[in-house]
Amino acid sequence: MRILSGIQPTGQFHLGNYLGALKHWVDLSTSGRSPEGRQDKGNDCFYPIVDLHALTTVHDAETLRKNTQEAQIAMLAMGFDPEKSVLFLQSQVPAHTELAWILTTLTPIGDLERMTQYKEKAAQVSKKEGINAGLLTYPTLMAADILLYNPEYVPVGEDQKQHLEFTRNLAEKFNKTYGEVFKLPKAMIQKETARVMSLQDPTQKMSKSLGAQHYIGLFEEEDSIRGKIKKAVTDSGNKIKYELREKPAISNLLAIYSGVSGKSIKDLEQEFLGKSYADFKSSLADAVMNQLRPIQKRYKELSQSPAEAAALFDKGATKANEVSQETMTLVRKKIGLNESLSR
Ligand code: AMP
Ligand code: TRP
């Protein structure tokens, strides 16, 4: 089964990125788990770091370079195996921007203006800076990232569902206009950790923009992580129970516990029956560290030789260029562009 997903190099990843997205991507590439059941070997996975998308918000070369390098090393540290999945930088595969432009010409502006993520990001930018057009056309580039590889599934967090719907509609429109080229990709959402919430405000999704106490960074020092979990808000009462309405904070901590330990929420409720919030939190901190410690160790090791990580991504880009050019040859033919002599 072909799978594709992309992640922005936004600086150090947090536990929400990991449990909501990256951890599943690793699993998908190694276990071959899919909604249709198990396979013997891993799926055929493409995982770009979408540095061109990052340009919609980052306009500093050094920052982008540093973030991209950190993202490359982080992915390898998490267990992405370049032998099993195609890891690459979006900007090293020109077909992404080429197809994005073509798709833009099929996209009504209104559809872009309706996107929740666009509205949120547009509200955040300052008046002086203004809203750049890239923020608006972001979803057509994302659609190109996906459609170039014709994946069956796109594992994403819940917040990306709308972009996936947009991609499917666009693929359908292209196929209707020019003839069948694209498969319609389906979103794959991991339910319990689809939204890891903030440690300080369980009504908001965990994100770095909320402030340091709201998130757990994957490469944070152990003391700092333990401190944040200790200070995480809890709910009234004293039961460790998953009840989203009544107990949003404890439910979030249970979901995190389940995500890092692999234990089911039901089993965890049983395990902590009659225990205090303090006991639960201390055990949660252990579970988080058990998950993160090996990743942090690998990250430190790999950081010694960033050029090696970059070389693995170069190899991935070569493969991604091959696959995407096949799609582009067909696309160009269907829409009436002449095939370039140099290809
Ligand atoms: P972002 O850093 O917001 O661009 O997100 C990168 C990836 O992580 C996307 O696939 C998101 O859906 C996922 N993600 C980000 N924050 C969370 C969160 N708090 N809970 C679950 N998934 C998240
Ligand atoms: N928009 C996604 C996010 O913010 C990142 C992304 C870009 C992506 N291209 C993609 C995700 C293709 C899945 C598939 O997280």
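Colleague: Which helix gives the largest share of the shell around ligand 2?

Modeller: That is helix 7, residues 133–147, with four residues of the shell. Please keep in mind that we are looking at a predicted model.

Colleague: Which residues are around ligand 2?

Modeller: Going along the chain, we meet Leu4, Ser5, Gly6, Val50, His53, Tyr138, Met142, Asp145, Ile146, Val154, Val156 and Gln160. By kind, this shell divides into seven nonpolar residues, four polar ones and one charged one.

Colleague: How do I read polar contacts here, and which side chains have an N or O atom 2.7 Å from a nitrogen atom of ligand 2?

Modeller: A polar contact is a pair of N or O atoms within 3.5 Å. In this model, the side chain of Tyr138 has an N or O atom 2.7 Å from a nitrogen atom of ligand 2, and the side chain of Asp145 also has one at 2.7 Å from a ligand nitrogen. For Gln160, a polar side-chain atom lies 3.0 Å from a nitrogen atom of ligand 2.

Colleague: How much of the accessible area of ligand 2 does the protein cover?

Modeller: On its own, ligand 2 has 360 Å² of accessible area, and the protein covers 89% of that.

Colleague: Now the protein interior: how many residues does the largest nonpolar core have?

Modeller: Here is the general idea: nonpolar side chains tend to be buried together in soluble globular proteins. In this case, the largest nonpolar core has 59 residues, and Leu15, Tyr47, Met78, Phe80 and Ile256 have the most contacts inside it. Helix 12, residues 277–303, supplies the largest share of this core, 11 residues. Domain 1 (2–192 + 305–335) and domain 2 (219–301) each contribute at least three residues to this core.

Definitions and conventions
Residues numbered from 1 in each chain as written. Chains lettered and ligands numbered in written order. Predicted model: local features only at pLDDT ≥ 70, side-chain atom pairs only at ≥ 80, totals over all residues. Heavy atoms only, no water. Near = heavy atom within 4 Å. Polar contact = N/O pair within 3.5 Å; in protein donor to acceptor, adjacent residues only side chain to side chain. Areas by Shrake-Rupley, 256 points an atom, 1.4 Å probe, with all protein chains shown as cover. Helix = DSSP H or I, 4+ residues; strand = E, 2+ residues; numbered from the N terminus. Nonpolar A, V, L, I, M, F, W, Y, C, P; charged D, E, K, R; others polar. Core = buried A, V, L, I, M, F, W, Y, C linked by side-chain atoms within 4.5 Å. Buried < 20%, exposed > 50% of the residue type's maximum accessible area, 1.4 Å probe, protein only. Domains from an automatic or database assignment.
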